[in-house]
Amino acid sequence: MKNLLLLVLSTFTLFTNSISAQDQGDRIIGIWEPSNGKARVKVEKIGTRYYGKIVWLKEPNDPETGKPKVDKNNSDANLQNVPLKGYRLLKDFNFKSGNEWDGGTIYDPENGSTYDCVITMKDNNTLDIRGFIGISAFGRTDVWKRLQTQKK
Amino acid sequence: MKILFQIIAVSVMLASCGSDQTITYTLKDVEFTAEGPLFEGPNTMQYELANAINDTLKKAGFTKDQLEKVQLKSASFSTTDSVGFSAFNSITLQLAAQNTPMTNAGVINPIPAGAKNAELTVSKEAELTDFFIQDKIFLVTDANLSKDQDASAQFKANIVFELTVSK
């Protein structure tokens with residue numbers, strides 16, 4: 001009977017820890033604005049990982065063509081017509097622990113380059129987005145703000 | 001996941017190249033649904049594939065270990081309502097999985113006015129093998145809406161992959 005009780009308690013603890021980790025990771029879900037204010041990015045979850053797509057552009061049209069911006073710098077000619085509105089520039093992030101999501105990449109549509117990326121949540125409405133090549137120490141950090149403000 | 005039915009058709013192409021053989025893996029009438037109300041801009045729809053090609057390879061006498069290459073051959077979307085694609089500007093198709101970077105596989109932009117079917121231009125470079133050796137894959141579709149709408153959106157898609165296996 002005692003063993004059974006211990007088993008139930010440990011199973012319950014494992015279950016609640018698992019739910020807690022999922023909730024912690026999901027704090028990043030929402031709409032965020034980079035510091036330059038040129039875009040808004042919606043972070044959502046697919047499977048167990050997190051992705052961010054552009055949902056709004058300050059300048060939606062390409063000044064050269066007058067048409068909606070597309071991923072014209074994509075190295076794959078067949079994908080240069082992918083619209084930037086809807087483009088996933090944050091990809092494949094795993095919730096690590098605490099306030100960090102790692103293992104992902106960030107895409108810069110202005111030059112067609114992809115960088116490794118780590119996201120740190122400073123508070124519920126602020127993200128540090130650090131893009132880098134190879135080593136996190138050599139990179140650049142941008143501060144993104146949540147669009148719909150939540151309690152700190 | 002809401003699907004009416006899914007038919008997996010296997011056609012082993014007898015014409016083989018060297019020691020490799022090509023198998024066509026077809027997903028028919030895959031349903032992508034986005035529940036309304038929907039907002040102007042990109043709306044995401046997902047379809048989860050579990051153990052996608054196991055049966056296909058088994059029927060053809062192969063295993064996943066023999067998989068050399070997977071590429072998207074074609075992707076054709078249709079709508080189930082009378083409105084068609086009139087409210088949509090574009091559709092993109094991506095693949096996602098736990099251990100593989102999300103990959104863009106095809107796009108149609110813009111969707112021609114009055115189109116009943118949307119045939120995506122597929123990537124010639126996207127190599128999808130790493131997705132298909134995993135147990136679970138997500139087919140992720142982003143459809144750009146030109147204006148807000150209350151109604152849900154539902155697409156059906158026929159998606160064809162080309163598998164290259166070593167003999």
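In this predicted model, B:Y47 has its bridge partner in strand 9 of chain B, and that partner is B:L139. The pair belongs to a longer run: strand 3 of chain B and strand 9 of chain B line up in the antiparallel sense, with 10 bridges between them.

Strand 9 of chain B also has a partner in strand 5 of chain B. Here residues 88–97 (strand 5) and residues 136–145 (strand 9) pair up, again antiparallel, over eight bridges. Two of the facing positions can be picked out by eye: B:T92 sits opposite B:D142, and B:L93 sits opposite B:T141. As for how covered strand 9 of chain B is, seven of its 10 residues are buried, so "mostly covered" is a fair description.

Zooming out, these strands are part of an open sheet of five in chain B, ordered 3-9-5-6-8 and paired antiparallel. The edges are taken by strand 3 (41–50) and strand 8 (121–122) of chain B, each of which pairs on one side only.

How confident is the predictor about chain B? The average pLDDT of chain B is 89, and 89% of the residues score at least 70. Among the elements of chain B, strand 8 comes out highest, with a mean pLDDT of 98, while strand 1 (residues 7–12) comes out lowest, at 44. Residues 1–17 of chain B have a pLDDT below 50, and beyond near neighbours in sequence this stretch has 31 contacts in the model. For the model itself, the scores are ipTM 0.86 and pTM 0.87.

Note on methods. Residues numbered from 1 in each chain as written. Chains lettered and ligands numbered in written order. Predicted model: local features only at pLDDT ≥ 70, side-chain atom pairs only at ≥ 80, totals over all residues. Pairing = 2+ DSSP bridges. Helix = DSSP H or I, 4+ residues; strand = E, 2+ residues; numbered from the N terminus. Buried ≥ 20, exposed ≤ 12 C-beta atoms within 10 Å, placed from the backbone. pLDDT = per-residue confidence, 0-100. Contact = placed C-beta atoms within 7 Å.
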